[in-house]
Amino acid sequence: MINKDIKGLLLTCSGITAVVIIICFFVNPIGGVLCLLLGVAITAVFVIYTRRRYKKLSELNDYLSLVLSGNYNLDINENVEGELSILKNNLYKIITTLSTQNEMLKKDKVYLADSLADISHQLKTPLTSMMVMTDLLKESELGGKEQEFISIIENQLEKMRWLILNLVKLSKLDADTVEFKHEPVPIKNVVDESLKPFLVMLDLKGVVLNNTVHDFSFMGDRNWTVEAFENILKNCIEHTDKNGELSISGKSTNIYDSVIIKDNGCGIEPEDLPHIFERFYHGKNSSGDSVGIGLALAKMVLEKENAGISVDSTIGEGTTFEIRFYKAII
């Protein structure tokens, strides 16, 4: 009996019954005994009935908890009289409807992911042709202004290629059509592989790299984890000034191992901080070339691997990302 109202009602009725029994004993001892037996019987019936009722409510609550976790396969449909049975039947109808809509939504997501993949495939041919032509034009004897225009076109084509690929990846993650591997992955290999595309950029900007991450293994998909780390590193490097510093370190607790990526760049505005993992979100300090899907993609990938990512930032001092790989699923 955890319901305060029921407890209060039971105590009140017990008190009234006790007073009536005492009065009956003073009037007639036999009547007092009968009144006592009657009071005990009524109380026992009330307790038994209430326990059964709350047991049914508890079963219904457990069922709803299973539904929230994604299990729609339980049947609570019953054809007996009573307000609880009516409630069960109505809940069953609602859950059946939600299950049907959920299946339809999944099919729509799969269709969207397939459509984007088809569109991406169709765009690859003209995009590749344009990139080849810009390479040929760069090798021709054109003036400085023309070469500048070609460089701009080349950068925009590369941006389009990156955007198309990442939109396809996002749609596949949304539709749950990506099969993640579940195998031991050394974190140092992930960090080293993620840094490779940015080593030239770090050198050109004069950014000092301090990589002191300790090695540990986690259960996940190496390629997708590298994808997530690349997007986080890309964000940090883009917001780090020339001759800045980028550090990659680690931390280990009884619950998780983590990788900490820290830059000393411009930082993120406090009002932007809660939204940086939202797709297509542009903060005040976002670069002009930012699309707003890199960090969203990174978070989706890490969540698929039961990992977590958090961010802390101070304006003018830099930003710190912490990626936690839990030693047990929580």
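Helices here are DSSP runs of H or I with at least four residues, strands are E runs of at least two, and both are numbered from the N terminus. The expected span of a helix is 1.5 Å times one less than its number of residues. This is a predicted model, where local features need pLDDT of at least 70, side-chain atom pairs count only at pLDDT 80 or more, and totals for chains, interfaces and linings use all residues. Residues are numbered from 1 along each chain as its sequence is written, and side-chain values use heavy atoms, with hydrogens and water left out.

Let's start with helix α2, residues 29-68. Its 40 residues should span 58 Å at 1.5 Å a residue, and the end C-alpha atoms do sit 58 Å apart, so the two agree. Along α2, the buried residues (under 20% relative accessible area with a 1.4 Å probe, protein chains only) include Gly32, Cys35, Gly39 and Thr50.

Now for the largest nonpolar core, meaning buried Ala, Val, Leu, Ile, Met, Phe, Trp, Tyr and Cys residues joined through side-chain atoms within 4.5 Å. It has 42 residues, and those touching the most other members are Ile187, Phe229, Ile232, Ile261, Phe321 and Phe325. Among the elements giving two or more residues are α4 (144-174), β5 (256-263) and β7, but α7 gives the most, with 8. Take Ile187: beyond its neighbours within four places in sequence, its contacts (heavy atoms within 4.5 Å) are His214, Asp215, Phe216, Phe218, Phe229, Val259 and Phe325. In soluble globular proteins, nonpolar side chains tend to be buried together.

Methods
Buried means under 20% relative accessible area, exposed over 50%, partly exposed in between (1.4 Å probe, protein chains only).
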